[in-house]
Number of protein chains: 2
Amino acid sequence: MALPFQALFLGPAGENAQIVEDFILEALRDHVFWRRNFHPEDGPFIRESDKRSEAYDATLMRLRQELYYLLSRLKQGAPLFSPRYIAHMTSDVLISSLVGYFAAMLYNPNNISEEAAPVTTELELEVGMQLARLVGYGPQAWGHLTSGGSVANLEALWAVRGIKFFSPAAAMVARELDLPEIPLQRADGQITTLQAMTPWELMNVPLDAALQLRDTLLRMPDPRVRRRLDACSLASRGMLGFYRAFEAAFGEKLAEPVLLVPATKHYSWVKIVDLLGSGREQIVELPLDEHYRIDPQAFRGVLDDLNESQIPVLSLVAVLGSTETGTVDEIHRLLEVKNDAKLKGIDFYCHVDGAYGGYATARFRDPQGQWVKGPYDRASAASFEALPETDSITIDPHKLGYSPYPAGAIVFRDQRIREFLNVEAPYVFHDGDDAHTTIGKYIVEGSKPGAAAAAVWINHRVLPLDVTGYGALISNTISCARMLRDALASHRSPEGMRLLPLNDPDLNLVTFIALPPRIESHEELNRFNEELYRRFAIQPNRRVFSYEFLLSKTAFDVKKYARGLHARLDPAVWSMLDEGRPLTVLRSTIMNPFTKDMIEGGTFFSELLDALDREMRDAYALVTEKPRISPAPAGG
Amino acid sequence: MALPFQALFLGPAGENAQIVEDFILEALRDHVFWRRNFHPEDGPFIRESDKRSEAYDATLMRLRQELYYLLSRLKQGAPLFSPRYIAHMTSDVLISSLVGYFAAMLYNPNNISEEAAPVTTELELEVGMQLARLVGYGPQAWGHLTSGGSVANLEALWAVRGIKFFSPAAAMVARELDLPEIPLQRADGQITTLQAMTPWELMNVPLDAALQLRDTLLRMPDPRVRRRLDACSLASRGMLGFYRAFEAAFGEKLAEPVLLVPATKHYSWVKIVDLLGSGREQIVELPLDEHYRIDPQAFRGVLDDLNESQIPVLSLVAVLGSTETGTVDEIHRLLEVKNDAKLKGIDFYCHVDGAYGGYATARFRDPQGQWVKGPYDRASAASFEALPETDSITIDPHKLGYSPYPAGAIVFRDQRIREFLNVEAPYVFHDGDDAHTTIGKYIVEGSKPGAAAAAVWINHRVLPLDVTGYGALISNTISCARMLRDALASHRSPEGMRLLPLNDPDLNLVTFIALPPRIESHEELNRFNEELYRRFAIQPNRRVFSYEFLLSKTAFDVKKYARGLHARLDPAVWSMLDEGRPLTVLRSTIMNPFTKDMIEGGTFFSELLDALDREMRDAYALVTEKPRISPAPAGG
């Protein structure tokens, strides 16, 4: 039986305030009395007479004054707790994580090392393994929290790069030290040797074979092997130095590997390839089908082209829950294409950006951890079922995990992958370091709150990662999104304006445009939807409590989204669109489980559609009759 | 008058528990009643009858049960609140930030955009400007919070790289589009033109000239200029593509720029150059003087060598408060050398890693923000005074700002620097984006807790960034560290063992080794100090409340620390050391202001030295008589 949401959240009207108060006080007092047990002979340090001093009093006064000031400023914050907030990918958090975060924050642990945070680093690694089990990875997996999904993606790609260039580095070392022949598997499954491989083959060594190769080399008794492997690595030489050395050693130029991402191309990937020094030119966008998912057939074509040009692939990035539309890529079909490519000699890493949708895997796990088709079975179920075959997954507790920021996470299928992130050279051994509990040396950040780990940990204890827990919670919101899509599609305003949904929700996101009867151009359509958006988006100079509903917006690249748009729009609307101009789209994320109550109570759609009608009318007047009042954005 | 610490912290025995309780409850209730004012006609969503259900009750039971389990696990956490915790760079936080964090966390803001976090993004930018003013940057500065110091350093270096390669990219574009001559300043101050510059000159364009050049180019009416600048940038082409294009355009090879860091070389720099694809080989270590500061004379020599080999410099990294010894580099002297180098045609960026020591600048600011020599004047005062001449500074509120994790920060002298981090191409204009309040597009992270901004903001309101506030607090701990250093130096154990301080604290860190009378080798000395450390460090299988004191350790590279070690150690000890072996060093960070009370009460040193004597005796027996019980670490 699913857990009742009524007991899990503070509530849109703070209905569970008393419970939260009790728990918060319990955590605070528990901590305070804990303090008193460490060398009680020392204290107290603050005497009651200190508290009677004028300076003490003045400081407290200041503290209280500033707290009131802060509290008053916070009141202009976004009402994420309300079912009427259906804008961004953010929501209220679970009571458990709110209390867990606060309880652990009192200890101020920094999860960069177990010495500074003996408890919360353990909790973090437990959470990492829970998420690994959720997605179907085995006991050799490894996972941890990050400051967010972007940093998790960065960490994954940083590891991938180290792996991709490991085999070529090993080949240089083998040649330099004249090592005996070392067996190594090619992409097509044939066993050859490290020394016999061509540069192209070296750039296509399967992940497991590369990990095995590293183990083999590091176990060699000759200490020069480890030292030279380190010195010849990409981490040591950098991109420029590595390529120069490689070309000198092999006498041929090698193309730089590319990153394959869906054409929706979240901006974090642009940032990541820039950061890593690869450059945006190394991003290859995979075309989308009519559901805005990567088109497997087009993916196959891209791989063939790359093979022909002998351009290696760093990684495929598939997405579970895109930022724009919450779309879930068909991972099973993409993996099929990837497997077929192996026979042609092409192999690469597969990373899944499940920052948003990763937790939705709980919809397919029973309480025993077994896979269930459940009542939620749709095309995307097969995508989630294929996750165990991927190499790493970003999955953010601070999104559909309903935990406070900052809590991103990354899980790797094989813990040996993290060694490519290790800043310590492999020939440096440290005594006493338990590799399993030292997080700091494998990650991007140099500090991280242990409180975040406590928050996620207690959430997973209270709300299980299966159909009875997160599965039920997330399914609730997906069903709301589908109802919203249908309600928008069937609505007609008194003035004949229409709301055109642009996606069939894989998760809990709905996108749509509002279409008045006499819109004549793409530009006018955008202006109208921008104006409409403005009326449902938090503005600096408008009281936050004056909104009826909160929506967000996004922009579709018409060319990239063409198949999905063409399939959904009337020919008249479709023919109005200009491929070179982004299409402004309204976007709604439903994460609040109480939205369903409001829908069932009958008020949600009636009020939302009323509000949309009213604002559409006003926006239409503004945009079509007095266009000069709200000028178009300056062109670039 | 300085604020009393007694009113600022929860207290080692939770003496201010009642105050914290009051404030936390105030914040919670304030938030709850705020919720009820948003569409009160909707609620309540959770009815009292729901609360009577069996499922509700079972869920609450589960929540309470798991909270108790979490609270019991947390009790094995490190006692950071105690004056006896003198180990890592971490401590109790200020009451204001604890309450501020909690108050804002209830709103769950994500500071990646002002739409999701209208209030806390404002607070974050206010905090950024407060820190900028603290270090002496002007109103054109820009700063924000990061997940920590490592990410702040990464962000700075990412910007620096974009700037370094901007002028060469611009030269390529100018040639390609046959632009009119554009005046540009050389490193030596002479004005020439972009088109007339040699590749070497292009890699040494002063920062301000490069920023000006960008402004000039982006203002050109020909839209091709912006498009080609973007396409030819390092962000677009990546390291490999950029160098290939550059060499093709100029017909000569160009050395890759190097990063100059102190020989202490914090591991975050190794990580950063790896991440950025530059490679560890591009790190040049600057030799240390007898205070473990960068030796300005040696710095001069390094620059001359680089000039001779025509190797450009990406950035100088000077450190305010090194991780090992809390050492403050002599920034004023380094800047002198840097200025002299300009005349030889070499110019580069100057980043300061003040993650730890940045807040100590408050020791030199009066309440009006004016510079004061104050009672704290030492050699390092001049270093802090030179900060306005640097280009960016990392400064972490979650270290000497006494704020909860995660709260690192970066401040840039000139806000135009951030444009080199912008993932949006410069030819894309967005309407409605207020550049001043959109943090997300300029930073590494993709999500960040607004609560951290509220915490730092209220801390700065309660405890001013001047001699009456943070200045006094930090000075208190520095004086403790100096007393600790002296107490260690003058101590002799009954068995004739000595404690040898290895640094004269610039900030609040003391390093030392324990030296028994009959130690015969470097290896034995390390084993002894490792064993001693183990007795003051949190171990997985020892009750955390069984410790007398908590210490940390570090390792000195004997060769790099040679001048300081040679100056401080007896010739007999010095001659025992092996340059190729790290020296295990005990390390104490004093951040707790109540440590001073315990020192003045007379118990701190007597108990600490007693504990050290007792453990030295035991460790000595173990290490010298039964060495096989504790084997040496496996050699690499």
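Colleague: How far apart do domain 2 of chain A and domain 3 of chain A lie?
Modeller: Their C-alpha centres lie 53 Å apart. This is a predicted model, so the distance is computed from predicted coordinates.

Colleague: What makes these parts of chain A domains?
Modeller: Their bounds come from an automatic or database domain assignment. For chain A the assignment gives domain 1 as 140-160 + 257-429, domain 2 as 163-250 and domain 3 as 470-629.

Colleague: Why is chain A called as compact as a globular protein of that length?
Modeller: Chain A holds 22 helices and 13 strands. Its radius of gyration is 27 Å, and the globule rule gives 26 Å for 636 residues; the two values are close, so chain A is as compact as a globular protein of that length. Along its principal axes, the C-alpha trace of chain A spans about 80 × 80 × 50 Å.

Colleague: What share of chain A is buried, and what share of its contacts with a separation of 6 or more joins residues 24 or more positions apart?
Modeller: Buried residues make up 58% of the 636 in chain A. Pairs 24 or more positions apart account for 75% of those contacts.

Colleague: Why is V173(A) counted as buried or exposed?
Modeller: The cut-off for a buried residue is 20 or more C-beta neighbours within 10 Å. V173(A) has 23 inside 10 Å, so it counts as buried. V173(A) is found in helix α7 (residues 166-176) of chain A. Leaving aside residues up to four places away in sequence, V173(A) touches V225(A), R228(A), L229(A) and C232(A). Of these, L229(A) is 56 residues from V173(A) in sequence, but 6.3 Å in space, C-alpha to C-alpha.

Colleague: And why is P494(A) counted as buried or exposed?
Modeller: An exposed residue has 12 or fewer neighbours by that count. P494(A) has 7 C-beta neighbours inside 10 Å, so it counts as exposed. P494(A) sits in the loop between α17 (470-490) and β10 (498-501) of chain A. From P494(A) to F33(A) the separation is 461 residues in sequence and 64 Å in space, C-alpha to C-alpha.

Colleague: Why is helix α4 of chain A said to be largely enclosed by the rest of the structure?
Modeller: Because 11 of the 11 residues of helix α4 (residues 95-105) are buried. They include I95(A), L98(A), Y101(A), F102(A) and M105(A).

Colleague: What covers the buried residues of α4(A)?
Modeller: The cover includes elements of both chains: α1 (17-35), α5 (118-135) and α16 (450-462) of chain A, and α3 (54-74) and α4 (95-105) of chain B.

Colleague: How do you know that chain B touches chain A, and with how many residues?
Modeller: A contact requires C-beta atoms within 7 Å. By that test, 138 residues of chain B are in contact with 138 residues of chain A. Helix α1 (residues 17-35) of chain B gives the most to the side of chain B that touches chain A, with 14 residues. The residues of that side divide into 77 nonpolar, 35 polar and 26 charged.

Colleague: What rotation and shift superpose chain B on chain A?
Modeller: A rotation of 180° with 0.0 Å of shift along its axis does so, with an RMSD of 0.0 Å. The two copies are thus related as by a two-fold rotation axis. In chain B, the C-alpha nearest the axis belongs to L276(B), 2.2 Å from it.

Colleague: How do you know that the same surface serves both copies?
Modeller: Of the contact residues of chain B, 99% recur in chain A.

Terms used:
Residues are numbered from 1 along each chain as its sequence is written. Chains are lettered from A and ligands numbered from 1 in the order in which they are written. This is a predicted model: local features need pLDDT of at least 70, side-chain atom pairs count only at pLDDT 80 or more; totals for chains, interfaces and linings use all residues. Two residues are in contact if their C-beta atoms, placed from the backbone, lie within 7 Å. Helices (H or I, at least four residues) and strands (E, at least two) are DSSP runs, numbered from the N terminus. Ala, Val, Leu, Ile, Met, Phe, Trp, Tyr, Cys and Pro count as nonpolar, Asp, Glu, Lys and Arg as charged, and the others, Gly among them, as polar. The radius of gyration is taken over C-alpha atoms; the globule rule is 2.2 Å times the number of residues to the power 0.38. Copies are superposed by least squares on the C-alpha atoms of residues with pLDDT of at least 70 in both.
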